[in-house]
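Please open the model in a viewer and keep the sequence at hand. The tour below proceeds by selection, with a description of what is found at each stop.

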Amino acid sequence: MKSAALPARRLLLGLAIADLVVFGAWIGREEVARRAGVEVRLPVEGFDPRDLLSGHYARFQLAALGEAYKVQNQEEHPPRDRPATSSYCLEVRAGGLAHVARRRLPGDACPLWISAKPDKYARIDFGVDRFYVDERRRDEVARISAGDGTYLVARIFDGGRIHPVDLVLNGKSVRGR
Amino acid sequence: MRLGRKLERWTAAGLITADQAAAILRAEESEAGRPGGKWVVWALASVGGLAVVAGVISLVAANWDDIPDKVKLAGGLTALLALALSAREVGGRGDGWIRDLLLLVHQGMALAMIGLVAQVYHLSGHPWRAMALAAALAAPAAAAGRRALLGDVVLYFALQSLWFFLDEVDVINRLFETRQMAFLAVAIGLALAAARPWLGLYARVAQRWSIGLVGLTLVAAAALWSIKEREWGSSSERYAGVGRLALHWPFALFAMAALAAGAVQVWKRRRRDPATYAAALLAAVMLVGAVYPPHWEDLPRKIAGFALCCGAAVAFTFAAGARGSRAGVNVGTLALAARILILFLELFDDLTQTGVGLIITGLLLVGMAYGWWRLRVLVPVVGGGGGGRGEGDKPDAGASS
């Protein structure tokens with residue numbers, strides 16, 4: 001009985017340590033990204049105030065997505081196959097909003113860039129398409145339409161990954177920053 | 001009928017003595033007085049406990065948006081650690097049910113924690129990774145506990161993760177449209193059946209998931225034999241340009257899993273039971289024929305599917321009987337009866353055929369009932385003939401078929 005109990009006790013100690021390491025590392029990584037990354041404002045278009053299947057999430061599409069497709073279509077030799085990842089240089093324009101300027105090639109020294117992965121339909125996917133919204137603000141959010149004052153505040157970190165920080169709708173922060 | 005009246009009848013019939021009747025009554029009354037017998041008390045306590053837990057969750061949910069993110073994350077992580085460490089300290093106290101309950105809550109809490117991190121940091125996509133992580137964190141809890149339910153949770157998380165992954169790589173629609181999903185489901189079921197001897201406490205978990213996956217797929221396969229050829233033709237044409245390996249890999253998995261399950265069956269069981277092999281073979285033919293249908297006219301194909309299904313059900317019934325599984329015999333008999341009934345529903349066109357069909361179906365079912373009754377000579381478990389609980393009523397013949 002004692003010999004059977006001992007591995008169980010070790011296993012459960014290991015489980016507690018695994019919980020701490022897995023979630024601690026995950027939370028730590030996201031916190032570092034949000035503190036150390038470069039802040040950008042990415043304009044948002046195509047806006048759905050609520051994702052009914054997931055709860056109180058605002059679903060949106062980054063304007064960078066359309067701009068990336070535009071860049072891709074203008075290229076003389078667009079990649080025929082699905083690229084593992086692709087990255088795009090950003091430039092900050094009027095209103096402090098960041099837009100896709102060109103594809104980031106190997107050795108390109110653009111200071112600000114974001115990376116994308118193709119999704120299952122070989123479409124460009126920046127991995128950011130929803131933002132949690134306070135339930136009490138759902139009516140306010142439902143009346144918002146995409147425009148100049150509607151953008152995602154994000155931090156760019158670890159290989160061009162976008163880490164959402166806030167969603168600004170018609171100039172008003174969803175998080176109340 | 002109340003036990004007291006039954007005992008009076010048995011005493012009057014001379015089956016038991018008055019002393020024995022009194023002893024039985026005393027034993028039953030003392031059993032009813034034990035804490036385990038007070039199910040009403042436990043049921044009320046459980047409902048009360050659940051109400052308290054649901055109330056606490058509702059209160060937290062109502063104030064969710066006022067709770068700072070850091071507090072939410074710290075609370076979730078603390079709860080996870082507390083559950084794992086409490087389970088460790090409680091250990092095998094009682095029969096270990098407190099530890100196993102804590103571990104079950106930990107398994108659910110790990111998934112909730114993943115969702116919480118995703119919510120706080122607005123992370124999107126890749127749900128298969130979340131489920132895979134939940135399965136990985138649930139596995140040690142299952143290994144440390146002693147309740148099969150903990151293993152069910154791990155398997156559910158793992159299979160859900162596989163489902164999401166197949167969806168993410170855009171394979172799931174193709175698997176359904178080409179019917180290869182049937183091979184994948186049976187392959188997983190057979191792999192679980194083959195792994196049973198090494199799973200110890202969790203052999204029963206593997207057994208029920210195996211029976212579920214294989215059984216449901218075989219029911220679907222039996223139904224597919226009745227679908228008209230033009231209804232499936234379009235999907236096979238749609239994927240004409242896809243490579244063979246990309247299209248038929250589930251079949252290869254199925255073949256490998258079937259070989260592994262067959263090898264384990266031969267290696268582990270001394271008795272060679274022809275009915276088990278016949279059931280497995282007929283079920284395999286039915287499955288393969290459902291995914292790669294023969295280009296026959298509708299009626300011959302329906303009849304061939306009917307014959308295969310009935311043959312597999314009969315062989316399964318005998319195999320289950322030979323292993324002493326009354327549940328298996330009943331399942332096989334019911335499957336046979338259901339398939340006969342469905343055939344006549346398929347063949348009905350007008351009122352005359354309906355009437356004739358119902359008469360034939362009724363006679364066949366009466367004949368089956370008679371045969372089932374007579375079968376107790378060959379298969380002792382039928383009708384409670386005292387074949388005993390050979391494999392503990394484990395219908396694992398289903399898994400092997």
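The stops that follow concern chain B of a predicted model.

**Chain B as a whole**

Begin by selecting chain B and displaying its secondary structure: 17 helices and 0 strands are assigned. Colouring by burial is informative here, as buried residues account for 37% of the 401 residues in the chain. Consider also the contacts between residues at least 6 apart in sequence; of these, 73% join residues at least 24 apart.

**Helix H4**

Next, select residues 69-90 of chain B, which form helix H4. The helix has 22 residues, and the distance from its first C-alpha to its last is 31 Å, close to the 32 Å expected at 1.5 Å a residue. Display the side chains and look for the buried positions, among them B:Leu73, B:Leu77, B:Leu80, B:Leu83, B:Ala84 and B:Ala87. B:Lys72 and B:Arg88 are also buried. In an α-helix there are 3.6 residues a turn, so residues three or four places apart point the same way. Move just past the end of H4(B) to B:Gly91, where phi is positive, at about 55°.

**Helix H5**

Now select residues 97-120 of chain B, helix H5, and centre the view on B:His106. Is this histidine, B:His106, buried or exposed? Its relative accessibility is 0%, so B:His106 counts as buried. Beyond its neighbours within four places in sequence, B:His106 is in contact with B:Leu80, B:Leu83, B:Ala84 and B:Leu137, and also with A:Leu15 and A:Asp19 of chain A. Of these partners, B:Leu80, B:Leu83 and B:Ala84 were visited above as buried residues of H4(B).

Remain in helix H5 and select B:Gly108. B:Gly108 is partly exposed, with a relative accessible area of 38%. A distance drawn from the C-alpha of B:Gly108 to that of B:Arg129 spans 16 Å, for a separation of 21 residues in sequence.

**The H10 and H13 pair**

Finally, select residues 203-224 and 274-291 of chain B, helices H10 and H13. Two packed helices are described by the angle between their axes and the distance between the axes. Here the angle is about 60° and the axes lie 9 Å apart. H10(B) is therefore oblique to H13(B), and the crossing is left-handed. To view the contact, show B:Thr217, B:Leu218, B:Ala221, B:Ala222 and B:Leu224 on H10(B), together with B:Ala283, B:Met286, B:Leu287 and B:Ala290 on H13(B). The residues of this contact comprise 8 nonpolar, 1 polar and no charged.

Note on methods: Residues numbered from 1 in each chain as written. Chains lettered and ligands numbered in written order. Predicted model: local features only at pLDDT ≥ 70, side-chain atom pairs only at ≥ 80, totals over all residues. Heavy atoms only, no water. Axes fitted to C-alpha atoms, helices over the stretch in contact; angles between N-to-C directions. Helix = DSSP H or I, 4+ residues; strand = E, 2+ residues; numbered from the N terminus. Parallel < 35°, antiparallel > 145°, perpendicular 65-115°, else oblique. Left-handed = near helix turned anticlockwise from the far one by under 90°. Contact = heavy atoms within 4.5 Å. Nonpolar A, V, L, I, M, F, W, Y, C, P; charged D, E, K, R; others polar. Expected span 1.5 Å × (residues − 1). Buried < 20%, exposed > 50% of the residue type's maximum accessible area, 1.4 Å probe, protein only.
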